[in-house]
Each structure stands twice: as structure tokens, then as C-alpha cells.
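Here are my notes on the two-chain model you sent over. Keep the structure open on your screen while you go through the points.

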Amino acid sequence: MNFKKFFELAKLNGIEAADIEETRNKSLSISMFKGEIVLYSVSVDKNFTARGIYNGKMGFVSVENDDKTTPSYIINTIKEAASLSESNDEAIIFKGSPKYKKKNIYNEELAKFTPEDAIEKLHEIENKLYAKSNKIKNVELGFDLSDDTSILANSYGLNLKTKSNLYYFYAEIVVSEKENETKAAFDLFFDNDLSKFNVDEFVDKLVEKGLSKLGGEPIQSGKYKVVLKENCVASLLASAISNANSESIQKHSSVFEGKLNTKVFSNKITVEERPLEKNLFYTYFDDEGVATTNKKIIDKGVLKTFFYNLATAKKDGVQTTGNARERGSKMGIGFTNIYLKPGKLSEEQLFEKIKNGIYITSLTGLHAGLNPVSGDFSLQAEGFHIKNGKLDKPLTLFTLSGNLFNVFNDVIALANNSKLLSSSINCVSMAVKNLKISAE
Amino acid sequence: MISKKLAAEVINVASQTGADFVEIFAENTFSSYLEVENGKVEETRNTNISGVGLRLLKGTQSVYGSTGDISRKSLLQLAKELSASFKGERQINEVTSFTLKKHKNFNKPFTPLTSIPKSEVVTLLKDINKILSDYDPRIVKSTTAMIIKTNDNEIFNSKGLMFKNFREYGRFIIESVAQENGKIETRFDGPAAQGGWEFFTKTLDLKALATEHAKKVILMLQAKEAPSGKFPVIIGNGWGGVIFHEACGHQLEATSVAKGLSVFSGKLGEQIANPIVSAYDDPTIPNEWGSFNVDDEGNVPVKHELIKNGILTSYLIDDFNGRRMNEPGNGASRRESYKYEPTSRMSNTYIAPGKSTPEEIIKNTKLALYAVSFGGGSVNPATGEFNFGCSEAYIVKDGKITEPVRGATLVGNARDILMHIDMVGNDLALGQGMCGSSSGSIPVNVGQPTIRVDEIVVGGRGGSIYEF
């Protein structure tokens, strides 16, 4: 679509200001089962999301269809949506930040990687997995490659571009030793640099993860000290800090309301948002076109800022923090590249520190078992006993329950095993006092 | 969307290297979301999804491609790229024309939601919203919203068949946040159907539902924490059926059964549930949220008896996974959109009604948790381990409902949980939700009468149930 013509047509139709984002995605997915390619999928997507101010109100639309009717469809839909709106939010199309810190994160080498190369790698992973142990009954594995470009432009002349690519190798193994005990383990590796993927390391780690789950013992219900593995900490942390969403605060739906510059977590907790960190999740402008900045969200337990977009910032009389998210609908709030400041101990030293307790390696059922607003959670969990400061037997099915805000207040210590997860959270393992375990 | 001539051309290019079956799924979907928050229209969102999915099968191999660019050039390029995955000679004849296969419409006629002026929808949203806001000042945020989605798709395949399908979905969202002394409680209700405007204005009593919603969010704000441990649980009707959806339904989908990856692979004819349990998956129920007139591969849907008196009687099979099982698809193939390869999925899945009244079940229970509202769940079909979250519950003591308790997650293993259902009520009801799996997020109904499970692990934040 010719953006210049689109903005002219919008103006002719009474739209005072507008923006439009065009995103293009090309992706490849391959999955393998017992040496066969069971899924080979390619996709080419294009999408337009646009916003416009009509009679002082904002209207939105998201459309994939791209033909000569598209510009007028977008304009009419924006006008209809704006006419229905009764929102008090000020309608703002952003003129532009003084400076943008644009970096190139696109990997040209990855773009040359062929499906045949990926299939060869998958065969190698599968063969090595089956060869490791006869307790491995099934393996499902795959490769995903994604190539994304986007352009955000507006009627004030703003024109911002991004280009990125990324690959994933993933595998799930099903392990069993005796009847009625089947366990599964999943792992994924993602990056945009292929030289960083080491098949043997990936295979060894996954096999160890799977086999270590066999021979589980039941655990007694009760309160325990726990060490949460970094992926579990990340899930809980993402929900906890989503309460710093300024819109939720303004709508009285967050426990952080009125808590700015007060202590909300243990002083061992420091959390930063680093959108400008040059990694796979690097983002130099938000969905309104505002330049992003790195900032502290929680400093030694004290809440330092809320996440703002232009409209919510205006309401509180502050500057936006560049956290606008969600094109194609009313602008929401989001964050990327969250860093939980690591502690000094290794994970093994955390086990020694709590002496007896539970090591939680996986939490499942977050969409139904965790209420990010109240902070209450009760989740299906997997893990191991910690006895006399060392990892002991795996545990059969149990639940872990508590409250997010209590978890980040009841911190015993943080580990130093910082890891960037696919949720764009850089996290470490954490030892916590008293969490409720429910089982047999 | 695309012409028959182009469809034939694309299929013939795609089949030239040895594919034994080729299928085109062309789609144009519009959805609108209209939201009233604390009495004001806060958001109107319109989304269009439009494109083509192309699938090539060769034995148990599948290649799939999708594109939003439906020009001849783009589709032929996609066909060529996908056909390069196979290195053989043409196995099937070129298609020259398509026969349009007509199918039965299971739905009763209704007034399309898209024909209702938006202003009328706004009036309804505001009326219901006001019920929430007026109920209690502790309800600090009240949201009502209407989702209207029309899905128009056409399927062409290398057998020279063509299918046309049009569905209109509607969902009414009621959501609230209540707050008191720093304690926050949220609640969600989302009745939905393919029943047009009449469903929301005649079949449903939205005003009564909103009043009940408001009453419950305040009640739960004051409730104690649910107990934890392993003990009997009475699971309420309707949305309580999420237990069967997670603990059994997913394990009966050919997606995992065909590869031997389900705990129920190879168990046809075996007893997997208590003999008082029978269960169905029925995509033919008129106007229901999970129903369809033709599945996403063009097969005719049928009512599936999954379990009869505890014995496993059927799986849910799509054509492709059926190849591994040496069985044809049985009309259970679904996908979110053209971006997803279709696979076997549930539709309206429920445990059949039994003989007990819900009152009898409660009366015959000494000590249990009575779980009434649910947030959803998940399962790994390979291990059978499942969970589902319950947001509203009560304690049943000596045959009587005593006090309300706040949320808990229930966990178990599919291998044995259905054997532990020891009472089945006569009050079957369905509840609407979205189910996420390998072919995307699709509308489904879960359902059941009130049932009792003699023991299951409950992960509440409170103490032992004996302390109540």
C-alpha cells in the first residue's frame, strides 16, 4: 500500500491524523517423528494495523486483505469505530521522538539456512536422543524459522523500520521405565546465530531432564521452603510486574495502586526493563512510535515507575515510558527484555542454603491457575526433594500455591544462573520461604 | 475468494511431484469487538483475516503452506515451493473441475448479529454493564463486551470436490474486578453460541446472569482460601466439563493417538472410566458454540460416542492422522484459520446425564469440595497429567453446602481419574470456551451434569479440609 496516498485519502475523509503499521512475516516450521517429516509448513503473512483520529476520538482496525479496496475499508472502519467511542483517553498520534537508538539485529547468515540444512540437523538430534537410552520411548522434535519486517508510519511523516529473524530447535521426549509411569520433558533453543546451537549439549540436557523425572515419590501436603528454577521465577515475575501497568492502576485493578516509591518486594529484588539491550528482543520504539529507554522498575524492592503509554501518561501528568503495545486495538501496555538482577550463589548453593525443601522445575496451568490481579496462584508443578542441601528423588504430581506478591517478599536468596528465556525475561533461580504444596 | 480455475491450476502444480492429495482452504474472516467499561464505550476493534492454506499429503507425510497474498503468482509460487518437498512422478490425475458438495445445515435460522445496528448492541452492553456497576460499590471495574465473528471459507481438493462454509459466532463477555481492603477478586463469564441476536436477547437471561455474576464476585471477595490435599470433589455442571475435556478428550484426538503418544492409544474396547460414565462429542447440536455443518477438510460431522458405560468406543479422527491408524476421518478436523494445518479436535464434548439429582449428590456426601466455576486447564496427552483451575467453590459437610472458598487448582492423571467418578447427576449443561492446540484456538463447548469424584488432589491455599 502506498502510505502517502493512504494518509491523503484519510485526510480527505475527515481523519485529522493517522498512523499505519505494515508487518510482514515469513516463516518455516518443520517437525519430525520417527525419522519422517510429519509437518513441513511455510507461511507468508502481511498485516496492516491502523489508527486514526476522527472528531477527536480514536478508531482502530487490523486487516490482512491487501487490494485496491483496502485503504477505503481501513478509513471507513476507523470512522465507524471512532464514532462509537466514548473514551475519555486523549486521542494522540505521536509526532516522533528527538532521537531513536536503531541497531541492526538481523542475521544475514540465518537467512541463508535452507530447509534441507534444518532437516539434517533434526535427523541428527533425533538419532542422538534415541541412542542415549532405551527408556526414551518417543521423540517429537522440530525447527521454526521466522523472518519479520515492519514499518510504522504516520501522517506527521514518522517512518520507523525494523527487521529481525530468529530460529528455534525444540524437542519433547517421552520416557518410561515401568508401566503406569510415563514422563515427558521438553526443551527449546532459540537464537539468530546458528553457530550457537550445539546438538550434543541440547541432547544431553534434555535426556537428563527426562530421565531424572523417573522413579518419582509422592510428597506430603504442607508448607515447604522451595527453590524455584529460573523459568518458574520468570512466569511469576511477569505476572507480578504486569501490575505496574498504569492503565490498571488508573482503573483501580492493581495492587500497586498508590505504591509508587514504596517497598513492594523484598530488598533482594531489583528488576529492570532493557528494551535497548542488543539481543533477540531488542525494540527501539514502541507501538505508538515512541523511542524506548532502559529503566529500573523495582530497585531493591521499591517500585520506581509504572509502565505508561501516551494516553495514560497524559492522565497522570507524566512522560510516557515507551511501553505502548497492541496495534489494531485500543493501545495497551507491555514490556520487553525484563532483567531480574542475579544473586551471588550458584543453584547448588541455594539447595545447601535451604537444606530441606523442594526444587520446583516446572509450573503448568498458568492461564487458569494464576490470577495476576489478586496475585493468587495454584499450579500443577514438577520438582525434586532437596534433602540435606542436595537434590534428591523426583516427586509425583503435586500443586504449588501461594500469592505472587508474598513470593517476591519472602525471598531467601537469588542464584547467579542468569538465562534469557523465550518470554524475553532474563531470570535466575530463587529460594523462597514457605510455599504450600498439595499432593496425595 | 479464489476462482475455481485458479484453484485447479494451483492443485495441479502442487500435485506434479507425487502428492497423493492436495487441498486448498481459502478464508475471509471478519471479527468485531465492542466493549463498554464502567458505562462507556471504551473500545471497538475490527479485525480481518484473509488468505489461503495449501496442503499436500503423501502417505503419512504432510507439507503445508499459507499466504495472505492470494494472487495467482503468489499461489502458484507457493504450490511450486511445497511440491519441491516431494521428489517423484505425478500420482493423481489433474483436476479439471469441481463439484460443489452440499451439506445439511444443523442450525435453526436466526437473525445475524452483523445485521444488528452497532448502536443497539451498545444499548444492550450498557444495560448489562449498569447492573454490575450498581450492584455494589466494591465492584470497581465492570466490563461488558460483544464479540461477533463471521468466518467464510471454501475448500477445494484434488478429488475435484468443493465445499462452502459460513459460520457466525457471537460471544457476550461479562467481566468485573472487586476490591476491598487491598484484596482483589476478578470474575469472568462469557456465554457464546452460533445462535444470532435471539440467543443473547431471548434464549439467555443476560440480566439474571449479570446479577448472579455481581453477587458471586462479592461473595468470593470475602471467601476463605480453599483447602488443600486429596479428598472428594463434587464438580458442578456446565463448565465443570473442563475435567473431561482435559483428562480424556485431548487424549482421544488422533493428533496424539495416531502416533501412539496418547495414554489412550490402543485402548479401544477397554474400560477407562467408571461404568456410570458415558461421554460424547457432538458437533451437530444446533446453534452451539462448538458445532459445524462441515469439518475443515470437508467431512460431514457426526455425533461421536466416545465412552459407553466406561468402555472406550471411539476416537476423534481427521483424514491425515487417520492414515496412520488405517481409518478414515470421522468429521473431527478443525483449524483456527488458513494459517493452521487442520487436525482432529473436539467440538461439543460432554459427559452424558446420569440418574442422581444434584441435591442427592450433595446430600450423600460427608465432606468434599464443591467446585462450581472454572478458568480452564491443560494436559500433556503423553503423560496424562492434567490440571484445571477452579475459581468458585464451597465446602460440603454432612450433606449440606456450608461456606464459600476461593480458588484452587485440581490435578490428576487421565489414566485413572475417570474411574474415580462415583456419582453422575441428571442436570447436563454446556459451557463455552476456547481450546488451544496444534491447529490453533477454536471455539468448543465443554459439558457435564454435576458429578462426584471420590478423590483428587486439590491445590488450595488453605489448610486441611478437616479444619472446615
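1. Let's start with a sheet: in what order do the six strands of the open sheet in chain B come? Reading across, you get β13-β12-β11-β16-β22-β21, and the pairing is mixed. Before you go further, keep in mind that this is a predicted model. As general background, strands of a sheet pair through backbone hydrogen bonds, and the pairing can be parallel or antiparallel.

2. Now look at the rims of that sheet. The edge strands are β13 (311–312) and β21 (429–437) of chain B, and each has a pairing on one side only. For β21(B), the partner is β22 (residues 440–448) of chain B: the two are antiparallel and share nine bridges. If you want a spot to zoom in on, find Gly431(B), which sits opposite Val446(B) of β22(B).

3. Next, step back to chain B as a whole. You should be able to find ten helices and 23 strands in it. Its C-alpha atoms fit in a box of roughly 75 × 55 × 35 Å along the principal axes. Is the radius of gyration in or out of line with a compact globule? It agrees: a compact globule of 468 residues would come out near 23 Å, and chain B has 24 Å.

4. Staying with chain B, 57% of its 468 residues are buried. Take the contacts between residues with a separation of 6 or more: 76% of them link residues 24 or more positions apart.

5. Chain B also has a domain split, into domain 1 (113–151 + 167–223) and domain 2 (228–467). Their C-alpha centres are separated by 25 Å. Where they touch, domain 1 of chain B puts in twelve residues and domain 2 of chain B eleven. On the domain 1 side, β6 (161–180), β8 (192–193) and α5 (206–221) of chain B supply at least two residues each. The biggest giver there is α5(B), with three residues. Sorted by class, that side of domain 1 of chain B has seven nonpolar, three polar and two charged residues.

6. Over in chain A, the split is domain 1 (3–210) and domain 2 (216–440). Here the C-alpha centres lie 24 Å apart. The contact uses 27 residues of domain 1 of chain A and 18 residues of domain 2 of chain A. Elements giving two or more residues on the domain 1 side include β1 (15–33), β4 (136–154) and β5 (159–176) of chain A. That side of domain 1 of chain A divides into twelve nonpolar, six polar and nine charged residues.

7. Finally, how many residues does each chain bring to the contact between A and B? Chain A brings 59 residues and chain B brings 64 residues. Among the chain A elements that give two or more residues are β2 (36–54), α2 (70–84) and β15 (376–387). The largest share on this side is eleven residues, and it comes from β2(A). By class, the chain A side has 21 nonpolar, 27 polar and eleven charged residues.

8. One last thing to check by eye is a strand pairing that crosses from chain to chain. β2(A) runs parallel to β3 (residues 61–67) of chain B, and five bridges join them. To locate the pairing, look for Tyr40(A), whose bridge partner in β3(B) is Val63(B).

Notes: Residues numbered from 1 in each chain as written. Chains lettered and ligands numbered in written order. Predicted model: local features only at pLDDT ≥ 70, side-chain atom pairs only at ≥ 80, totals over all residues. Contact = placed C-beta atoms within 7 Å. Helix = DSSP H or I, 4+ residues; strand = E, 2+ residues; numbered from the N terminus. Nonpolar A, V, L, I, M, F, W, Y, C, P; charged D, E, K, R; others polar. Pairing = 2+ DSSP bridges. Rg over C-alpha atoms; globule rule 2.2 N^0.38 Å. Buried ≥ 20, exposed ≤ 12 C-beta atoms within 10 Å, placed from the backbone. Domains from an automatic or database assignment.
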